[in-house]
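Ready for some practice with a protein model? Have a look at the sequence and structure, then work through the exercises below.

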Amino acid sequence: MVGGALISVYPDDLTFLFELDKPCYCNLKVVNNSEHHVAFKVKTTSPRKYFVRPNASVVQPWDSCTITITLQSQKEYPPDMQSKDKFLIQSTRVAASTDMDEIPPDTFNKEADKVIEEMKLKVVYTLPSGSSDDSGVTSSANRSFKQGGDDLSMLKNASIEEIQTIQRLKDERDNNLQQNQQMQRELDMLRRRRSRKGDAGFSLTFAAFAGIIGLLVGLLMSLIFSSPPATA
C-alpha cells in the first residue's frame, strides 16, 4: 500500500503479466482516506504505451475507485524483463459539486494555497507461470524457438507454450470479468447521475407549472370578486 493524507493506493507496484503480442492489464485501487471529495489524476512517462481508464476522477469521502491500466501489446521482450516506466498519481481536495467527468483543467496546478499530494509507482513485469525464473534464459529460449533451434529446445518450448496458453486464457478471462465489472459500475454511476438530473428538471417544471396555475386561479378569483353584482 502507498498512502498519503488524502488517498491510499493498492498495490504498491503496477505488476503486468508480460506476454508478446498480447495486451496486459493491471488494476489499481484508489481509496479516499478523508471526509472530503478528492480528485486524482494519473500520469505516466510512457503515455503511448499504456491506456488508463479512468485517468482522472473524483472519489467521494471514504469511498474508493478502481483504475484499469492496459499495457499495449509489445513485439519484443524488454531487456532483462525490466521496465523503466513510471506512474505518478496526483490528488487534491475539491468541492463536493465537482463533476467527475469535467474536472477543471487547473485542478492540479501547484499553487500556494493548494495541497497537491503525489505518489510514484514503478512498473514490474512478470512471466506466466511455467516459465523459467531466469528471464535471460527465457528470452533466449523464445528466440531459439523462433529461429528454429535444435529439436530438444523446440520440445521444451512447446511444453512451455502449452502452459502459457492455459495461463493466458485464465488471465484473460479474469481481466475480462474485472473490466466488465468496472464498466457496469460506470454505467450504474451514469444512470444515477442522469436520474438525479432528471428529477431536478421535473421538479423545476412542476414548480413552474404549479406557479402558473396558481396565478391563473388568483386572477380568476380576483375578477369574480371584483365584478359588480347584477341588478334585478
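**Exercise 1: the nonpolar core**

The largest nonpolar core in this predicted model has 30 residues, and L14, F16, I69 and F87 have the most contacts inside it. Find out which strands each supply at least two residues of this core.

*Solution.* Go along the chain from the N terminus. You'll pick up strand 2 (7–10), strand 3 (14–17), strand 4 (24–32) and strand 5 (37–44). Keep going and you'll add strand 6 (50–53), strand 8 (64–71), strand 9 (86–94) and strand 10 (117–126). Now zoom in on I69: among the residues it touches are L14, F16 and F87, leaving aside residues up to four places away in sequence. There's also a second, separate core of six residues, including A39, V58, M100 and F108.

**Exercise 2: a bridge across the sequence**

Work out which parts of the chain are tied together by the salt bridge of D85 and K49.

*Solution.* Start with the contact: the two side chains meet at 3.0 Å, N to O. Next, place the partners. D85 sits in the loop between strand 8 and strand 9, K49 in the loop between strand 5 and strand 6, so the bridge joins parts 36 residues apart in sequence.

**Exercise 3: buried or exposed?**

Sort D85, K49 and K75 by accessibility.

*Solution.* Buried means under 20% relative accessible area and exposed means over 50%. D85 has 8%, so D85 is buried. K49 has 24%, so K49 is partly exposed. K75 reaches 68%, so K75 is exposed.

How values were computed
Residues are numbered from 1 along each chain as its sequence is written. This is a predicted model: local features need pLDDT of at least 70, side-chain atom pairs count only at pLDDT 80 or more; totals for chains, interfaces and linings use all residues. Side-chain values use heavy atoms; hydrogens and water are left out. A nonpolar core is a set of buried Ala, Val, Leu, Ile, Met, Phe, Trp, Tyr and Cys residues joined through side-chain atoms within 4.5 Å. Buried means under 20% relative accessible area, exposed over 50%, partly exposed in between (1.4 Å probe, protein chains only). Helices (H or I, at least four residues) and strands (E, at least two) are DSSP runs, numbered from the N terminus. Contact means heavy atoms within 4.5 Å. A salt bridge is a side-chain nitrogen of Lys or Arg within 4 Å of a carboxyl oxygen of Asp or Glu.
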